[in-house]
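Me: I'd like to learn how to read a fold piece by piece. Can you take me through this one?

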Amino acid sequence: MNFFDRLHDRIRTVDSVVSVGLDPDQSRIPDHLHEHDLPRWAFNRRIIDATHEHAAVFKPNAAFYEDPDGWRALEETVAYAHGKGVPVLLDAKRADIGNTTRQYARLLETVDAITVNPYMGRDSLQPFLANEEAGVFVLCRTSNPGGADLQDLELETGESVYERVAALADLWNENDNVGLVVGATQPEELEDLREQVPDLPFLVPGIGAQGGDAEAAIEYGLADGVGLVNSSRGIIFAGEDRGEEFATASGQAAKRLKKRLNQYRDE
């Protein structure tokens with residue numbers, strides 16, 4: 001089974017398309033966890049325990065782990081999530097050429113899916129695309145305000161850069177393992193992209209702290225019921241002011257988001 005088949009089964013099992021972003025900002029981890037050898041791992045373990053019943057995937061962002069202790073924490077986190085039966089999507093936005101990108105693609109030996117940056121073209125993504133069992137989410141239309149600087153530029157064909165990226169990703173989907181990252185903060189663009197690429201699942205960030213449109217994320221983000229809606233800070237720091245009870249609040253936040261999204265899935 002490829003990643004999207006496994007994701008389909010996971011979504012059905014937990015009745016959820018929630019992606020829980022594991023972004024353990026060390027300045028926001030509860031004080032009592034800093035006594036641990038790996039505070040980020042200690043934090044993530046409690047978040048996973050509290051939220052796994054509501055999570056279609058866990059999505060750690062590599063930026064929060066790029067130091068020796070961080071990579072150890074990430075390794076423990078991935079293994080623990082897998083032990084709970086939850087796939088792991090590494091938000092790494094990797095791509096390069098030649099041997100460099102082949103080294104980056106080795107990350108897929110550990111995680112189930114990854115985000116990639118298409119700016120350098122197909123050859124920079126080929127080692128990822130060639131992995132038939134892994135999921136590859138191509139950055140397309142991001143939710144940050146500055147995304148428009150490049151993504152909205154109009155090409156000679158009349159299409160925007162992000163629309164060309166979507167069209168290319170559709171062509172690159174020879175192994176049925178490609179999805180798109182499309183932010184929830186511009187619902188009309190979600191709708192247009194869904195019309196353009198009806199079969200590609202979307203990873204939709206921007207729900208939660210960024211205030212994205214949950215209804216549009218569900219209506220246009222899913223392809224045959226498969227897709228992901230991510231919340232990171234809105235879940236993992238929901239109990240930031242609750243000390244040792246922080247994870248309980250995270251579990252409640254994940255459950256609320258699941259319920260909120262499911263009201264649109266069920267219509």
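Reply: Happy to. Keep in mind that this is a predicted model. One helix pair makes a handy warm-up: the crossing of helix 2 and helix 3 is right-handed.

Me: At what angle do helix 2 and helix 3 pack, and how far apart are their axes?

Reply: Helix 2 (residues 39–51) and helix 3 (residues 68–83) pack at about 20°, and their axes lie 9 Å apart. Angles under 35 degrees count as roughly parallel, and this pair is therefore described that way.

Me: Which residues of helix 2 and helix 3 meet?

Reply: On the helix 2 side you'll find Arg40, Trp41, Asn44, Arg45, Ile48 and Asp49. They meet Asp69, Gly70, Ala73, Glu76, Thr77, Tyr80 and Ala81 of helix 3.

Me: Now the sheet. What is the strand order, and is the pairing parallel or antiparallel?

Reply: The general idea is that strands of a sheet pair through backbone hydrogen bonds, either parallel or antiparallel. In this model, 8 strands form an open sheet with parallel pairing, in the order 2-1-8-7-6-5-4-3. Strand 2 (57–60) and strand 3 (89–94) are at the edges with a single partner strand each, so one side of each has no neighbour in the sheet. Ignoring direction, neighbouring strands are turned by 30° against each other on average.

Me: How many bridges join strand 1 to strand 8?

Reply: Strand 1 (residues 18–22) and strand 8 (residues 228–231) run parallel and are joined by 3 bridges. To get the register, look for Val20, which sits opposite Ser231 of strand 8. Helix 1 (residues 3–14) packs on this sheet and touches strand 2, strand 4 (113–116), strand 5 (135–141), strand 6 (178–182) and strand 8. The direction of helix 1 makes about 90° with that of strand 5.

Me: Why is strand 6 described as largely enclosed?

Reply: The test for buried is a relative accessible area under 20%. For strand 6, 5 of the 5 residues are buried, so the rest of the structure largely encloses it. You can check this face by face: Val178, Leu180 and Val182 are buried on one side, and Gly179 and Val181 on the other.

Me: Which strands does strand 6 pair with?

Reply: Strand 5 is joined to strand 6 by 5 bridges, running parallel. Along that pairing, Val138 stands opposite Leu180, and Arg141 is opposite Val182. Strand 6 also pairs in the parallel sense with strand 7 (residues 202–204), over 2 bridges. There, Val181 has Leu203 as its bridge partner. To get from strand 6 to strand 7, the chain passes through helix 8 (residues 187–196) in a right-handed β-α-β crossover.

Me: How many residues of strand 5 are buried?

Reply: Strand 5 is mostly covered, with 7 of its 7 residues buried. Strand 4 pairs with strand 5 in the parallel sense over 4 bridges, and Ile114 stands opposite Val136. Between strand 4 and strand 5 the chain runs through helix 5 (residues 122–129), and this β-α-β crossover is right-handed.

Me: Back to strand 8. Which way do its residues point?

Reply: Leu228 and Asn230 point one way, Val229 and Ser231 the other, and all are buried. Strand 7 runs parallel to strand 8 and is joined to it by 2 bridges, with Val204 opposite Val229.

Me: And the backbone outside the strands? Where is Asp224, and is it buried or exposed?

Reply: Asp224 is in the loop between helix 9 (214–221) and strand 8. Asp224 is exposed, with a relative accessible area of 77%. Its phi is positive, about 55°, although the residue is not a glycine. Asp176 is worth a look too, since its phi is near 50°, again positive in a residue other than glycine. Asp176 is in the loop between helix 7 (161–172) and strand 6.

Me: One last pair. How do helix 9 and helix 11 pack?

Reply: Helix 9 and helix 11 (residues 246–265) pack at about 50°, their axes 9 Å apart, and are therefore oblique to each other. This crossing is right-handed. Ala214, Glu215 and Ile218 of helix 9 make the contact with Arg260, Leu261, Tyr264 and Arg265 of helix 11.

Technical notes: Residues are numbered from 1 along each chain as its sequence is written. This is a predicted model: local features need pLDDT of at least 70, side-chain atom pairs count only at pLDDT 80 or more; totals for chains, interfaces and linings use all residues. Side-chain values use heavy atoms; hydrogens and water are left out. Two strands pair if DSSP finds at least two bridges between them. Axes are lines fitted to C-alpha atoms, for helices over the stretch in contact, and angles run from 0 to 180 degrees between N-to-C directions. Contact means heavy atoms within 4.5 Å. Buried means under 20% relative accessible area, exposed over 50%, partly exposed in between (1.4 Å probe, protein chains only). A crossover is right-handed if, with the strands pointing away from the viewer, the path from the first strand over the helix to the second runs clockwise. Angles under 35 degrees count as roughly parallel, over 145 as roughly antiparallel, 65 to 115 as roughly perpendicular and the rest as oblique. A crossing is left-handed if the near helix is turned anticlockwise from the far one by less than a right angle, and right-handed if clockwise.
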